[in-house]
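Welcome! Here is a guided look at one structure, told as a friendly conversation.

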Amino acid sequence: MSRERILIVEDEPNIVLSLEFLLAQHGYEVVVARDGEEALAAVEARPPALVLLDVMLPGIDGYEVCRRLREQPELTHLKIILLTARGRDAERLRGLEQGADLYVTKPFSTRELIATIAGCLGGSPP
Amino acid sequence: MWSTGATVAIALAYVALLFFIAWRGDRQAAAGRNPLASPWIYALSLAVYCTAWTFYGSVGRAATDGYGFLPIYLGPTLACALGWVVYRKILRIAKIERLTSIADFLASRFGKSAFLGAVVAVVAVVGTVPYIALQLKAVATSFQLLLARDGPSALSYEQLSLSAAAVLALFAILFGTRSVDLTEQHAGLVLAIAFESLVKLVAFLAVGLFVVFGLYEGFGDLFARAAADPALAAMLSRQGASEGAWAWMTFLSLLAFWFLPRQFQVGIVENVDERHLSTSAWLLPLYLLVINVFVLPIALAGRMSPATAGASGDTFVLLLPLSADRAELAVLVFLGGLSAATSMVIVESLAISNMVANDLVLPVLLQRSGSVGGDFRQPLLISRRLAIVAVLLLGHLYAISAGVGASLISIGLVSFAAVAQLAPATLGGLYWAGATRRGALAGLIGGFAVWAYTLPLPSLVATGRLPASFLSEGPLGLSWLRPHALFGLDGLDPLSHSLTWSLLVNVVAFVGVSSLAAPGPVEERQARRFVDVFRYRGEVEVPVWSADAPVASLRALLSRFLGEERTERALQAWADEQGVDLDHMGQAHPELIAFAERLLAGTTGAASARVALASVAQEKTLDVGEVVELLDETSRVIAASRELAEKSQELETASAELRRVNEQLRELDRLKDDFLSTMAHELRTPLTAIRAFAEILHDNPELDTEKRSEFLRVIAKENERLSRLIHDLLDLARLEGKEERMVAEPVDLAEVVADGVAALDQLAASRGVEIEVTAPMGLPPVAGDRDRLIQVVINLVSNAVRFCPAATGHVAVSVQRRRGELLLGVEDNGPGVPPTEREAIFEKFRQIARPVSGRQAGTGLGLAITRRIVARHGGRIWVEDAAEGGALFLVSLPTRAADAPQPIPLLLGA
């Protein structure tokens with residue numbers, strides 16, 4: 001079985017670095033996008049199983065990326081987890097409205113994040 | 001010189017021009033460009049006061065009396081000065097009550113009395129017919145004089161007078177009686193009158209200039225020669241009539257200016273805007289001054305010229321240019337005189353015809369026809385037109401009768417004295433609520449009788465119709481009844497004598513009879529509406545009519561006077577304004593009846609309107625007490641509702657203010673939320689990395705050393721970033737806080753720049769960026785906090801360095817001196833700031849791009865802090881395009897005097 005692909009969309013290099021390390025360590029194939037445009041292009045090129053999407057992005061923000069991904073019928077199986085440092089309820093709701101599956105606030109516990117991703121993909125990490 | 005034909009042609013051409021102007025004026029008014037909207041036209045039309053009497057007669061008077069002509073013009077000047085007080089009140093009342101003549105004014109004031117209106121109309125007719133005759137006489141005489149040099153005129157005096165009367169009647173009928181509604185202004189007619197005022201002024205000035213500078217060598221020469229003539233010198237030093245006569249004449253002409261029918265017509269009825277009074281208040285006196293400047297010089301020149309020897313002074317104006325063979329000037333003078341005469345005749349006959357038709361004819365018509373009968377418009381218009389013809393015919397007859405031997409000015413004064421009889425009732429009616437109809441009638445009739453006995457009657461002696469003994473010994477030998485010395489009052493000139501007695505009798509009768517009995521209910525109501533017009537503003541309506549008139553019969557009544565179309569329009573306008581539906585109103589509201597009454601009054605006069613309405617509606621029999629009560633009640637209600645309106649206005653303002661403040665608070669709240677949310681994000685981002693790597697390190701003890709140290713470096717760097725952020729946040733909070741005091745000491749900006757740049761040497765060197773500094777020597781110091789200013793330099797320069805391309809980066813720092821300030825510039829060759837972001841970048845956490853070097857990211861607060869510091873120094877910061885395409889940040893800082901005292905702690909508000 002091929003490894004499940006996860007797309008990290010995040011503009012903070014050090015957070016990308018930590019996520020890349022964590023996910024690779026847990027056996028996922030990792031792709032990184034630095035902003036929204038790049039993320040959409042990456043999904044189109046080769047849809048991943050899950051997108052770990054930061055909300056505060058330069059250019060089009062995470063909500064918008066989420067909305068556009070959800071508009072595409074062929075991506076119904078794509079899981080989307082929003083990551084944000086803005087922890088207000090209103091924003092959580094907004095994210096879920098745009099079709100995100102889950103919503104994780106920064107700073108996150110690495111173990112919890114991995115468990116969440118695994119749960120989301122329907123199984124224990126590969 | 002001029003043939004009869006040519007002169008007639010010129011005169012007719014002039015009259016044709018008048019017709020044309022009047023026609024144009026009416027067309028303009030119909031097209032919505034009313035010429036009467038101009039205060040200048042209003043003021044010039046008031047100069048209808050200057051008749052042929054002014055034009056020819058003033059010189060005649062000056063030729064015998066010296067300065068004696070002057071009071072006649074002092075009066076109107078005084079009237080203009082008092083205009084704002086008295087005249088404005090009459091004007092206001094007339095507009096509210098839709099009054100159409102002085103007779104209408106008095107009738108309306110004293111209980112809408114038809115009888116009083118009729119008496120006033122009679123006084124006006126009797127008083128003005130001689131005056132009109134005087135104008136016709138002037139036209140005919142001047143015409144004859146113009147032709148006299150070429151032998152006897154082909155036209156007799158009688159023919160001339162009659163044709164003048166006929167042409168003027170035609171003009172007045174054409175332009176004055178087109179509409180049945182008298183409150184509608186006669187734009188064309190008034191425009192023509194204003195034009196004539198200009199013509200007579202120009203003509204008189206022309207002849208004056210000719211006499212003074214053509215016949216003589218200026219004023220000095222003329223007066224010197226006159227002084228050399230003993231008779232003239234004596235006349236000039238005599239000061240004309242006695243002081244008493246001067247005062248009387250001034251007072252008399254003041255009253256005339258207000259109450260002469262034609263003055264009431266142009267000044268009140270034709271007025272369209274109260275504010276025009278402020279223009280006429282100076283323009284008319286100026287006009288009178290200018291037209292009188294040459295009166296005395298012309299009179300003196302006439303007395304001295306052999307060509308005018310033995311001629312009447314009244315003819316000097318025309319004879320002087322004629323005798324000098326200045327035909328064209330003579331014609332101009334003739335036209336000036338013609339203007340003066342025609343304008344007066346036209347307006348006077350129009351005003352008189354309105355009174356005659358409304359106050360003498362209409363009451364009879366109404367009584368005869370009662371509530372039945374057809375359309376009244378035709379009979380009304382016809383009676384007005386007939387009245388014009390009749391008045392002019394009377395004037396003509398008077399003019400050709402032997403009675404007009406007297407000089408122009410004396411006929412004029414007799415008329416003035418008659419009109420003066422209207423003054424006590426009018427002025428009393430304006431200010432004294434207790435004045436009654438009976439009092440007004442008694443005063444008017446008494447005064448008029450005395451006037452008739454003491455002024456016109458004695459003139460019959462001169463014509464031989466009464467024996468001379470009537471004057472010298474009194475009627476039937478009763479010496480105390482001598483017309484020029486009543487009750488032995490001797491030693492006054494006839495005019496002063498007549499005025500003294502007639503006005504005395506008038507006032508005493510008016511006041512005395514008024515005091516005998518209280519005014520009736522209608523009188524009381526009208527008294528309030530007149531006397532308190534500024535208080536009630538015409539809003540107070542006492543319901544004197546019972547609501548028992550069917551709307552249909554009201555409509556029918558109005559149609560008879562106004563025509564169906566106008567009636568419908570007016571009623572609809574009223575209904576729209578009141579917000580009622582006329583079709584569903586069976587019985588008319590009392591307010592509607594009152595409105596109908598005023599509407600009708602504009603056509604028929606107040607008295608007739610009341611009589612006409614009485615045929616369809618029942619008048620309430622209120623007693624005086626009830627009227628007063630109702631008035632007070634209504635005015636209280638009005639005051640209360642006005643107060644209420646003011647209060648609700650205030651409330652509305654206050655609630656609008658509240659809404660605005662609330663809006664601001666919401667905005668502030670939103671900004672605060674945004675800031676907190678952004679700040680949370682900024683703080684959590686480094687924390688996220690720190691926590692993630694800490695957990696990774698903890699969970700993976702077997703990691704190789706290289707990875708471990710890399711992750712530890714990340715933790716250290718993010719930790720540093722967090723510290724910087726917290727430091728900047730605290731710094732910004734301090735700068736935004738009100739308490740932060742900044743030291744204000746003289747600071748050398750060049751030194752500050754040097755220090756700031758030095759601190760960044762290492763950063764610049766590490767990025768390969770070159771920093772160039774330009775600061776001239778001897779710059780004035782700025783007052784401020786040295787450390788804070790260094791912070792500004794460091795913030796700006798470090799930003800510049802970080803946004804420059806590595807290796808080829810170039811930053812230029814400069815300080816320039818400008819008027820009253822120093823200008824710090826920091827220029828880079830980086831990507832620049834797009835125009836849309838040039839305000840935003842100074843906001844907190846507003847980064848438009850990440851620095852090229854990710855090694856030391858900014859906190860997003862640097863420029864916000866910088867702007868605060870600059871503002872605290874009274875300066876400004878902004879960004880422009882740099883010459884090389886990068887960004888150019890500019891900071892202006894005000895300079896203080898070099899010898900600023902020792903450091904003062906300043907509370908520099910944000």
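The questions below go through this predicted model, from a sheet in chain A to the cores of chain B.

Q: In what order do the 5 strands of the open sheet in chain A lie?
A: The pairing in this open sheet is parallel. Neighbouring strands are turned by 20° against each other on average, direction ignored. Reading across the 5 strands, the order is β2-β1-β3-β4-β5.

Q: Which strands of chain A stand at the edges of the sheet?
A: A strand at the edge has a single partner strand, so one side of it is left without a neighbour in the sheet. In chain A the strands in that position are β2 (29-33) and β5 (102-105).

Q: Which residue of β3(A) is the bridge partner of Leu7(A)?
A: Strand β1 (residues 5-9) of chain A pairs with β3(A) in the parallel sense, over 4 bridges. Within β3(A), the partner of Leu7(A) is Val51(A).

Q: Which residue of β4(A) is the bridge partner of Leu50(A)?
A: β3(A) also runs parallel to strand β4 (residues 79-84) of chain A, and 5 bridges join the two. In β4(A), Leu50(A) is partnered by Lys79(A).

Q: How many residues of strand β3 of chain A are buried?
A: On one side of β3(A), Leu50(A), Leu52(A) and Asp54(A) are buried. On the other side, Val51(A) and Leu53(A) are buried as well, and both faces are covered. For the strand, residues 50-54, the count of buried residues is 5 of 5.

Q: What is the handedness of the β-α-β unit made by β3(A), helix α3 and β4(A)?
A: Helix α3 of chain A spans residues 62-71. This helix packs on the sheet, touching β1, β3 and β4 of chain A, and its direction makes about 155° with that of β3(A). Together, β3(A), α3(A) and β4(A) make a unit that is right-handed.

Q: Which helix gives the largest share of the side of chain A that touches chain B?
A: The contact takes 18 residues from chain A and 16 residues from chain B. On the chain A side these residues divide into 9 nonpolar, 5 polar and 4 charged. The largest share, 7 residues, comes from helix α1 (residues 13-25) of chain A.

Q: What percentage of the residues in chain B are buried?
A: Chain B has 36 helices and 8 strands. Residues 24 or more positions apart account for 81% of its contacts with a separation of 6 or more. Of its 910 residues, the buried share is 48%.

Q: How many residues does the other core have, apart from the largest nonpolar core?
A: The largest nonpolar core has 211 residues, of which Leu106(B), Val120(B), Ile298(B) and Ala417(B) touch the most other members. Among the residues that Ala417(B) touches are Leu252(B), Trp451(B) and Leu495(B). Apart from the largest core lies another, with Leu796(B) and Ile877(B) among its members, and its size is 45 residues.

Q: Is Pro483(B) buried or exposed?
A: Pro483(B) sits in the loop between α23 (469-472) and α24 (494-516) of chain B. Its C-alpha is 9.9 Å from that of Pro456(B), although the two are 27 residues apart in sequence. A residue counts as buried if 20 or more other C-beta atoms lie within 10 Å of its own. Pro483(B) has 25 within that distance, so this residue is buried.

Conventions: Residues are numbered from 1 along each chain as its sequence is written. Chains are lettered from A and ligands numbered from 1 in the order in which they are written. This is a predicted model: local features need pLDDT of at least 70, side-chain atom pairs count only at pLDDT 80 or more; totals for chains, interfaces and linings use all residues. A residue is buried if 20 or more other C-beta atoms lie within 10 Å of its own, exposed if 12 or fewer, and partly exposed in between; C-beta atoms are placed from the backbone. Two strands pair if DSSP finds at least two bridges between them. A crossover is right-handed if, with the strands pointing away from the viewer, the path from the first strand over the helix to the second runs clockwise. Two residues are in contact if their C-beta atoms, placed from the backbone, lie within 7 Å. Ala, Val, Leu, Ile, Met, Phe, Trp, Tyr, Cys and Pro count as nonpolar, Asp, Glu, Lys and Arg as charged, and the others, Gly among them, as polar. A nonpolar core is a set of buried Ala, Val, Leu, Ile, Met, Phe, Trp, Tyr and Cys residues joined through C-beta atoms within 7 Å. Axes are lines fitted to C-alpha atoms, for helices over the stretch in contact, and angles run from 0 to 180 degrees between N-to-C directions. Lists of a residue's contacts leave out its neighbours within four places in sequence.
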